[in-house]
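Biologist: Please take me through a few side chains of this model, with the cut-offs behind each term.

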Amino acid sequence: MVPQKGIVRSTVERGDVVAVGYLVTVVLAVLIVVFCLARIRGPKPLFYFSYRLGLVFNEIPHLALYALVASTALAFSEGDITTTSDRVNVGVAGAAAAGLVVVTLRGMRAASVVRVALDDALGVGTGTHRRLPLARILLRPVLRRRRDVKRVGNLSYGDAGRRNLLDVYHHRSRPEGGSVMIHFHGGHYDQGRKNTQSLPLLYRLASQGWVCISANYRLRPDFPHPAHLIDAKKVIAWAREHAAEYGAAPAAAVFVAGSSAGGHMAAQAALTPNEPAYQPGFEEADTSVTAAVVLNGFLAEYFDGDPATSPVNLVRTDAPPFLIAHGDLDELVDTENPRALVTALGSVSTSPIVYVELPGAHHAFDLFHSFRFEALIGGVEDFATWVTARKDRA
């Protein structure tokens, strides 16, 4: 009896269990492809699962492809592809691999889309052809740090404890004369923190001599609007006072950026320069900005429904230049939302507005070194070059 039990266990270990493991891998790969290629909206559990998978693998699908190829190779090497069902699984794996290639190619289209958007808004030739960092994208997409950039963490800019802390990113050699980029994280205004989003952008710019800032801010429900906007103004004022200590020019161009809810903050801050109502106790500080960069931003009214909290209702003739980037498959914010701000700005503002609608992009496309986000980072650099040259001429 003992030997028979051993044979049964050995058979399971060599065959069925490994085959089931391969099947799970294939099914997961299929789900990833479906969730990446389509915008899933449905029951909360399904939405949450699809959103989380798409959040990662829509930007770095090649990691799922690596895992699928390795799992298939292992199944063949272990002799587990023996039945008709096993061969069907292999066929499904091939289809999933093809789907992952499609997702990858769709992300690579962003480069041409970004260049066309820049050329249309700022003039032909503004969008440049840049060589993407293929080794970083293909092999190290989740590693954001760079050796030539130093992060100075947890500097206080207000009296709200850890919610009023910011990080500074600057080149280790501290070259003088750089511009400033301030970034605000997303998170529905009730969660999130600095040092999580758009880090590939901040590290890239810092490596080019920029002084970049990523800031926390107070969150609802304890601190509703306008507490967040007041914090954003405090960060801008802090940057104007202290950025030169890290290499920024004395009269540096100050760009404000944000992701999702942070994009809403950035747009509000850009459209309410030096507004005393949002600068209690520091009314004399200069909180104007040179330009704004909004990534997958929510750009309508705040949760209280006050029309004055919508960037669309804050547009002005002297608004700074805007670059607004949004995914056409964003699950949380429809494209009509950013388009409304683009239209409103275009009807009033004398500054250019660059609108980039990224094909196949979901919400929060700014987390990793992906083909899509690296192409957009290059576009932000081209946009900043145009804006700072215009500022210098002025």
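Biologist: What is the relative accessible area of Val-34?

Modeller: This is a predicted model, in which local features need pLDDT of at least 70 and side-chain atom pairs pLDDT 80 or more, while totals for chains, interfaces and linings use all residues. Residues are numbered from 1 along each chain as its sequence is written, and side-chain values use heavy atoms, without hydrogens or water. Val-34 lies in helix 2 (helices are DSSP H or I runs of at least four residues, strands E runs of at least two, numbered from the N terminus). Val-34 counts as partly exposed (buried is under 20% relative accessible area, exposed over 50%, partly exposed in between, with a 1.4 Å probe and protein chains only) because its value is 41%.

Biologist: Is His-363 buried or exposed?

Modeller: His-363 is found in the loop between strand 8 (353-358) and helix 12 (371-393). Because its relative accessibility is 5%, His-363 counts as buried.

Biologist: Which side chain makes a polar contact with the side chain of His-363?

Modeller: Beyond its neighbours within four places in sequence, His-363 is in contact (heavy atoms within 4.5 Å) with residues including Tyr-51, Leu-55, Ser-260, Asn-296 and Asp-330. At 2.7 Å, the polar contact (N or O atoms within 3.5 Å, one able to donate a hydrogen and the other to accept it; residues adjacent in sequence count only if both atoms are side-chain atoms) is with the side chain of Asp-330.

Biologist: How many residues of helix 9 are buried?

Modeller: Helix 9 covers residues 227-242. Helix 9 is mostly covered, and of its 16 residues the buried ones number 13.

Technical notes: Expected span 1.5 Å × (residues − 1).
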